Amino acid sequence: MDIFLQQLVNGLTLGSIYALVALGYTMVYGIMELINFAHGDVVMVGALAGLSVIAFLVGQGWPAFWAVTAGVLLALAACMLLGWGIERVAYRPLRKAPKLAPLITAIGLSIVLQQVSALLWGRGYLSFPAILPTTSLSWNGVILTGIQAVIIVLALLLMAGLLVLVQRTSLGRAMRATAQNPAVAQLMGVNTDRIIALTFVLGSALAAVAGVMVVAYYNVGHYTMGFMLGLKAFTAAVLGGIGNLAGAVLGGLLLGVVEAMGAGYIGDLTGGYFGSNYKDVFAFLVLIAVLVLHPNGLLGRRAREKV
Amino acid sequence: MGREQEAEKPVPLLEAHGIGKRFGGLRALHEVSLTLDAGSITGLIGPNGAGKTTFFNVLTGIYPPDAGTVRFAGSALPVGEPHRVAKTGIARTFQNIRLFPNMTVLENVMVGRHVRTRAGVLGALFQTRATREEEQAIAHAAQGLLDYVGIAAHAHRVAGTLSYGDQRRLEIARALATEPRLLALDEPAAGMNAAERGALGGLVRRIREDGTAVLLIEHDVKWVASLCDRITVLDYGERIAEGEPRHVLNDPAVVAAYLGQGAA
C-alpha cells in the first residue's frame with residue numbers, strides 16, 4: 001500500500017507536467033487539426049532557458065525564490081515568442097497545403113530547434129543548481145516533497161485558468177468558433193489568423209512552465225529531452241481525446257500515474273526480470289489499449305463533420 | 001439594441017459595379033451590377049447555378065472579384081478579409097446552415113458580438129472589470145436578439161440540437177449580433193412550409209423597419225415578390241433583369257430563364 005500511495009504521488013506530479021504539455025498539442029489540434037510535433041522542443045527550450053538563467057542568477061548570489069521566478073518569466077517570454085514564430089514561419093504559409101506538408105515542417109522544425117539548442121547550450125547534460133528547499137511532508141511513509149506540491153498545485157491552477165479562459169471569455173469563444181468553423185468565425189468579425197497565433201502562444205506559455213518544472217524536478221536538462229516528453233504528452237492528448245482540453249488533462253494525469261505504477265511494480269511482477277527503466281512501455285501499452293477499445297480517446301467525441 | 005440607421009443619404013448603401021468572377025473555365029459572374037438603398041428589401045433570384053451565392057461570397061469578402069468594384073456605405077469594401085467586411089456592416093446567413101454546432105444557442109449569438117467588442121487578450125487573461133462588464137453586456141444583448149427572433153426559450157441548448165427552422169432563426173440572430181447595416185440572407189425560407197414562410201416574412205419586414213437593409217436569395221418567386229421592393233435576376237452569371245417585382249416577373253427574359261425558351 002505504501003508503494004501504491006507513493007507512486008500515486010509521483011505519478012500525479014509527472015502527470016501534471018504531461019497534462020500541461022498535452023494541452024499545447026490539443027489546443028493546436030483543436031483549432032487547426034495539426035499535430036505540432038515541435039511542441040516538445042518548445043518545452044525543451046523553456047527548460048534550458050529557465051535552467052541557465054536560474055543557474056546564472058544563483059551564481060550572482062540571488063536568493064532561490066527570485067532566481068526561479070526570473071527563470072520562469074524568461075522561459076515564458078522565450079517560448080511565447082518561439083511559439084508565435086513557429087506558427088508564422090512554419091505553419092501559416094502551409095495553411096492551405098495538404099495535411100502532410102505541415103507535418104513534415106513540424107518534424108524539420110523539431111530537428112532545427114534541437115540543433116540550435118545544442119549550439120547554444122552544448123551537447124552535455126546541464127544540471128539544475130541545488131537551491132530548492134528539500135522540505136517534505138511525510139504521512140505513513142508516503143512522502144510529498146515541496147517541489148512535487150508546487151508542481152501539482154501550479155499545474156492545476158494553470159489548467160483551471162485555461163479552462164475558464166476558453167469556456168467563459170469572449171476570447172475563448174472566438175477560439176472555439178475558429179475551431180468549429182473558421183470561415184464563419186471570420187464573418188462574425190473574428191480575426192482567425194490572430195486567434196491561431198494566440199493559440200500557439202498560449203500553448204507555448206504552458207510549455208515553458210512545464211519545461212522549468214521538468215528540470216527542477218529531475219535536476220537535469222538536455223537538448224534532446226523534448227523528444228520523449230513531447231511524445232508522452234502527445235500520447236496523453238490522444239488518450240484523453242485530442243482536441244478536448246479536459247481530455248488532455250485527464251490523459252496527462254492518467255499517463256503519469258500509469259507510468260509511475262508501472263515503474264513501481266514491474267520488478268515484483270516479473271520477478272525482477274524487467275526493471276523500472278521499462279516504465280515507458282506501460283505508457284504506450286495503455287495508449288494502444290485505449291485506442292483499440294475507444295478510438296477517439298477517453299473524452300473524445302465522434303469525429304466532427306464539417307457542415 | 002442600437003441598430004439605428006444614421007440619417008438617410010442620397011448615396012446608395014451598396015453599389016456593386018461590373019462584378020466578374022471566374023472559377024477556371026466557369027464564368028460564375030459576368031458584369032453583374034446591383035445597387036440597393038438603406039432600409040430596402042432586395043431580392044436576388046435566378047435558376048440554380050445562376051451565380052447568386054457566388055455574388056454573396058464576393059459581397060462578404062470570401063472571394064475577391066476578378067473584375068468590378070463593391071462600394072458599401074460610400075467606401076470600397078475590404079477585399080479578401082471577411083472579418084473586416086463584418087466590421088463595415090455586412091452580415092449573412094448560409095444556404096446550408098452553418099452554426100457553431102457544439103456551442104450553446106446563446107454563445108453562437110455572443111460570437112456574433114465579437115466584431116463590436118473591445119476587450120483584448122490581456123483583459124481576458126486577467127479578467128479586468130471592463131472585460132467582465134463587457135461580457136455581461138454581450139450576454140444581455142445576445143439574449144435580446146434571441147427574443148427578437150423568437151427562440152429565447154432555447155438560449156442554453158446546444159445549437160446543433162435545435163429544430164431546422166429554429167437553426168435558421170438562430171443564424172439570423174447571430175448575423176444581427178454584428179449590428180449589420182445590410183443583412184444578406186441566402187435562401188432563408190428553404191425547406192419551410194407556408195406558415196413558417198409567413199412568419200419569416202414578418203421577421204424580415206421587422207428587421208427592415210428597425211433600420212437594416214435586407215438582401216435575400218430565394219427560389220419561391222411569389223414569396224420574394226410579396227416581400228421585396230426591388231428584384232435582381234441572374235442567369236448564367238449575368239444580370240438579365242432588375243426592377244420592381246411586378247415588372248421583373250413579367251419580363252420575357254426572366255420567364256424564359258425560369259421556364260425555358262419556348263414559354264416566353
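Two residues are taken to be in contact if their C-beta atoms, placed from the backbone, lie within 7 Å. The structure described here is a predicted model. In chain B, contact in this sense places helix H7 (residues 194–209) across three strands, namely strand S3 (41–45), S7 and strand S8 (213–217). The direction of H7(B) makes an angle of about 145 degrees with that of S8(B).

The three strands touched by H7(B) belong to an open sheet of six strands in chain B, arranged in the order S6-S7-S8-S3-S9-S10 with mixed pairing. Strand S6 (90–92) and strand S10 (238–243) of chain B form the edges of this sheet, each being paired on one side only. From one strand to the next, the twist averages 20 degrees. At one edge, S6(B) runs parallel to strand S7 (residues 182–186) of chain B and is joined to it by three bridges. Within this part of the sheet, Arg92(B) lies opposite Ala184(B) of S7(B).

Strand S3 of chain B has a neighbour on each side in the strand order. With S8(B), S3(B) pairs in the parallel sense over four bridges, and Gly43(B) has Leu216(B) of S8(B) as its bridge partner. S3(B) also runs parallel to strand S9 (residues 230–235) of chain B, to which four bridges join it; here Thr42(B) stands opposite Arg230(B) in S9(B). In a regular strand the side chains alternate between the two faces of the sheet. Both faces of S3(B) are covered, with Ile41(B), Gly43(B) and Ile45(B) buried on one side and Thr42(B) and Leu44(B) buried on the other. Five of the five residues of S3(B) are thus counted as buried.

Chain B also holds an open sheet of four strands, in the order S2-S1-S4-S5, in which the pairing is antiparallel. The edge positions are taken by strand S2 (26–36) and S5 of chain B, each of which pairs on one side only. Strand S1 (residues 14–23) and strand S4 (residues 67–72) of chain B run antiparallel and are joined by five bridges. Gly20(B) stands opposite Ala67(B) of S4(B). Helix H1 (residues 52–59) of chain B packs on this sheet, where it touches S1, S2 and S4 of chain B. The direction of H1(B) makes about 115 degrees with that of S1(B).

Beyond the four-stranded sheet, the loop between strand S5 (75–76) and helix H2 (82–88) of chain B contains Val79(B). A residue is buried if 20 or more other C-beta atoms lie within 10 Å of its own, and exposed if 12 or fewer do. Val79(B) has 14 other C-beta atoms within 10 Å and is therefore partly exposed. When residues up to four places away in sequence are not counted, Val79(B) touches Gly61(B) and Pro64(B). Val79(B) and Phe94(B) are separated by 15 residues in sequence, and their C-alpha atoms are 20 Å apart in space.

In chain A, helix H2 (residues 39–59) has 21 residues, which at 1.5 Å a residue should span 30 Å. The end C-alpha atoms of H2(A) are 30 Å apart, in agreement with that expectation. H2(A) is mostly covered, since 16 of its 21 residues are buried. Just after this helix, Gly61(A) adopts a positive phi of about 90 degrees.

Two further helices of chain A, helix H5 (residues 146–168) and helix H8 (residues 192–218), pack at an angle of about 170 degrees, and their axes are 11 Å apart. Because angles over 145 degrees count as roughly antiparallel, H5(A) and H8(A) are therefore roughly antiparallel to each other. On the H5(A) side the contact is made by Ile147(A), Ile151(A) and Leu158(A), and on the H8(A) side by Leu206(A), Val209(A), Met213(A), Ala216(A) and Tyr217(A). By class, this contact consists of eight nonpolar residues, with no polar and no charged ones.

Between the chains, 20 residues of chain A are in contact with 26 residues of chain B. On the side of chain A that touches chain B, the elements giving two or more residues are helix H6 (170–180) and helix H7 (182–187) of chain A. H6(A) gives the most, with seven residues. The residues on this side of chain A divide into eleven nonpolar, seven polar and two charged.

Notes
Residues numbered from 1 in each chain as written. Chains lettered and ligands numbered in written order. Predicted model: local features only at pLDDT ≥ 70, side-chain atom pairs only at ≥ 80, totals over all residues. Pairing = 2+ DSSP bridges. Axes fitted to C-alpha atoms, helices over the stretch in contact; angles between N-to-C directions. Parallel < 35°, antiparallel > 145°, perpendicular 65-115°, else oblique. Nonpolar A, V, L, I, M, F, W, Y, C, P; charged D, E, K, R; others polar. Expected span 1.5 Å × (residues − 1).
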